[in-house]
Amino acid sequence: MTKTCVIVGGGLAGLAAAIKLGDAGWKVTLLESRRRLGGRASSFVDASSGLEMDNCQHVLMGCCTNLIHFYKSLGVSDAITWHDKTWWLRPKGGMDCLQSTCLPAPLHFAPSFLRMRSLTRKVRQDIQRAMWRTMRMGSSESETWRGHSFASLLDEWKQGDDTRSNFWTPLIVSALNLPLHEASAVFGLQVLRDGFLASAKGARIGVPSVSLADLYKPSAALIERSGGEVRLGSPVTGIEVEDRCAVGVRIHDELIYGDAVLSALPWEKLDALMGNEIASMDTRLHQLSELGHSPILGVHVLLDRPVLHVPHLVMPNRNVQWLFDKGSIPSGGQHLHAVISAADDWMDRSQEEIQTAVMVDVIAACPEASSADIVQFRAIKERRATFRATPTAEAIRPHASPATGGTDQNIKNLYLAGDWCATGWPATMEGAVRSGYAAAAAITGQGGLEADASAGWLFRALSSS
Ligand SMILES: Cc1cc2nc3c(=O)[nH]c(=O)nc-3n(C[C@H](O)[C@H](O)[C@H](O)COP(=O)(O)OP(=O)(O)OC[C@H]3O[C@@H](n4cnc5c(N)ncnc54)[C@H](O)[C@@H]3O)c2cc1C
């Protein structure tokens, strides 16, 4: 008989799991509280401009192998534009271009890196030393950094203040959504190894050329094609547990049963749904609130003329860390998107305060903006953008299967997915898809994760791991 699974949450974790379960012959019912799929990676129609806007620019990297596989399954791979260049704003205006070459990794960025005028010689030497130390660090030495912050790793590597502000802060804060002193050293090392050094392909930046809504739109049809059902506007109000075994979920008075129940909710929603009595039956749920949240501010700026002439720009020593060209607007102007990660200090600021501060940075990056008119300005505060990927978070993140580690201390048949689960990745779309794939594999006993991106031959020869 066909096995059934109830999935709660239609973000990337839930969607990825649903597609894998469908592939394995399971019948899926996916319940999503909102009237749209995509969760924290989604779009809305802005009432005043009529434009479809993403809640925030989402980027991926070439090393996100599971996310790339997910895009292939959805048939949307062509909607990702890959860049082997990043542009960096110089302190006194102008830009450097960090560009991959055909030199073997880890040397692929070397020629353009050595030409970066925004970095002094001393800063470049600091970075080279840090990259070398990263590459030579075997997995056992990496492990010794578990429980430490990335800032303490920079202390060990004797990285100067200029190096931190001009290079490490924009890179790591954008990748991990936390300041250096809070971000986990282990994740920082992963960003450097997989996202920078190991291969030119892994270091590519992927930017969707369509809205996030369009990117994830094919998932519902794919789930339905394999016999599954997607129910939007269906907020689950409880998980039914009998004799310490999850048997289904509740939407008010309606009970939906499944052979397996998969929560693909954000941690705080699961925490609220379970209540103390049920949560006490599952060791995976005991410390969830310690994961916390780190906010992101995504700012849409519509100007009456084009001012940014590169696809995206990293902005060291500025409030805005990344500025993106989102294309032209119907009146002929330009749609810019500015991202401020680790944005705790921005959540209580007014739109006017944010506009003043962000426009200072936009003008510093694009002098033509000083004479441009603002057609529209809209800042989107995502207070619960990601969990805080701190050195202590790893110990709290739960596994998908209740039986991992051979324990019987958890609720049977209750599987977990979400970017906050134990994926080994920080809170990213890749982490979310990994968690969904891992949960589907735990439920069906089939499949698993995609292979990690392969490292180049020279990197492998030089690295000690
Ligand atoms: C502003 C911002 C910028 C980001 N930038 C990037 C980036 O550049 N690159 C990157 O890789 N990642 C980025 N991320 C992170 C990425 O969006 C997330 O890691 C990923 O989308 C999380 O997916 P998820 O499925 O785990 O959770 P979610 O997307 O949160 O999905 C959970 C779903 O559960 C639903 N739900 C909640 N309660 C219920 C209920 N009671 N019943 C039914 N359904 C319910 C929610 O509506 C939601 O759809 C960013 C996130 C934000 C917010």
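Is H252 buried or exposed? H252 is exposed, because it has 9 other C-beta atoms within 10 Å. A residue is exposed with 12 or fewer other C-beta atoms within 10 Å of its own, buried with 20 or more, and partly exposed in between; C-beta atoms are placed from the backbone.

This is a predicted model: local features need pLDDT of at least 70, side-chain atom pairs count only at pLDDT 80 or more, and totals for chains, interfaces and linings use all residues. Residues are numbered from 1 along each chain as its sequence is written.

**Domains**

The domain assignment gives domain 1 (4–41 + 211–291 + 393–444), domain 2 (43–80 + 206–210 + 293–386) and domain 3 (85–203). Such bounds come from an automatic or database domain assignment. The C-alpha centres of domain 1 and domain 2 lie 29 Å apart. Their contact takes 20 residues from domain 1 and 19 residues from domain 2. Two residues are in contact if their C-beta atoms, placed from the backbone, lie within 7 Å.

On the domain 1 side, α1, α9 (212–216), α10 (218–225) and α13 each supply at least two residues. Helix α13 gives the most to that side, with 5 residues. The residues of this side divide into 13 nonpolar, 2 polar and 5 charged. Here Ala, Val, Leu, Ile, Met, Phe, Trp, Tyr, Cys and Pro count as nonpolar, Asp, Glu, Lys and Arg as charged, and the others, Gly among them, as polar. Helices (H or I, at least four residues) and strands (E, at least two) are DSSP runs, numbered from the N terminus.

**The ligand shell**

Around the ligand there are 38 residues, of which G9, G11, G39, C56 and T428 come nearest. A residue is near a molecule if its C-beta atom, placed from the backbone, lies within 6 Å of it. Elements giving two or more residues to the shell are α1 (12–23), β15 (294–303), β19 (374–386) and α13 (429–444). Again α13 gives the most, with 4 residues. The shell divides into 18 nonpolar, 13 polar and 7 charged residues. Domain 1 and domain 2 each provide at least three residues of the shell.

**The nonpolar core**

The largest nonpolar core has 139 residues; I7, A17, L262, L323, Y415 and A439 touch the most other members. Helix α13 gives the most to this core, with 9 residues. Such a core is a set of buried Ala, Val, Leu, Ile, Met, Phe, Trp, Tyr and Cys residues joined through C-beta atoms within 7 Å. In soluble globular proteins, nonpolar side chains tend to be buried together.

A17 is in contact with I7, L262, A264, A417, G436, A439 and A440, leaving aside neighbours within four places in sequence.

**The β11–β12 hairpin and its surroundings**

Strands β11 (residues 238–242) and β12 (residues 245–251) pair in the antiparallel sense over 5 bridges. Pairing needs at least two DSSP bridges between the strands. The two form a hairpin with 2 residues between them, and D243 in the turn has a positive phi of about 50°. E240 stands opposite G248 in β12.

Side chains alternate along β11. I239 and V241 point to one face and are buried, while G238, E240 and E242 point to the other and are not.

M274 sits in helix α11 (residues 267–279). It counts as buried because it has 22 C-beta neighbours inside 10 Å. Leaving aside neighbours within four places in sequence, M274 is in contact with I239, A279 and L285. M274 and E240 are 34 residues apart in sequence and 9.4 Å apart in space, C-alpha to C-alpha.

I256 belongs to strand β13 (residues 254–257). With 20 C-beta neighbours inside 10 Å, I256 counts as buried. Not counting residues up to four places away in sequence, I256 touches V6, T29, G248 and V249. I256 and M359 are 103 residues apart in sequence and 50 Å apart in space, C-alpha to C-alpha.

**Backbone in the loops**

Two non-glycine residues with positive phi are listed here.

| Residue | Phi | Loop | C-beta atoms within 10 Å |
|---|---|---|---|
| H252 | about 55° | between β12 and β13 | 9 other, exposed |
| N413 | about 70° | between β19 and β20 (414–416) | 20 other, buried |

The peptide bond from A105 to P106 is cis, with omega near 15°. P106 is found in the loop between β8 (95–99) and α3 (110–114).
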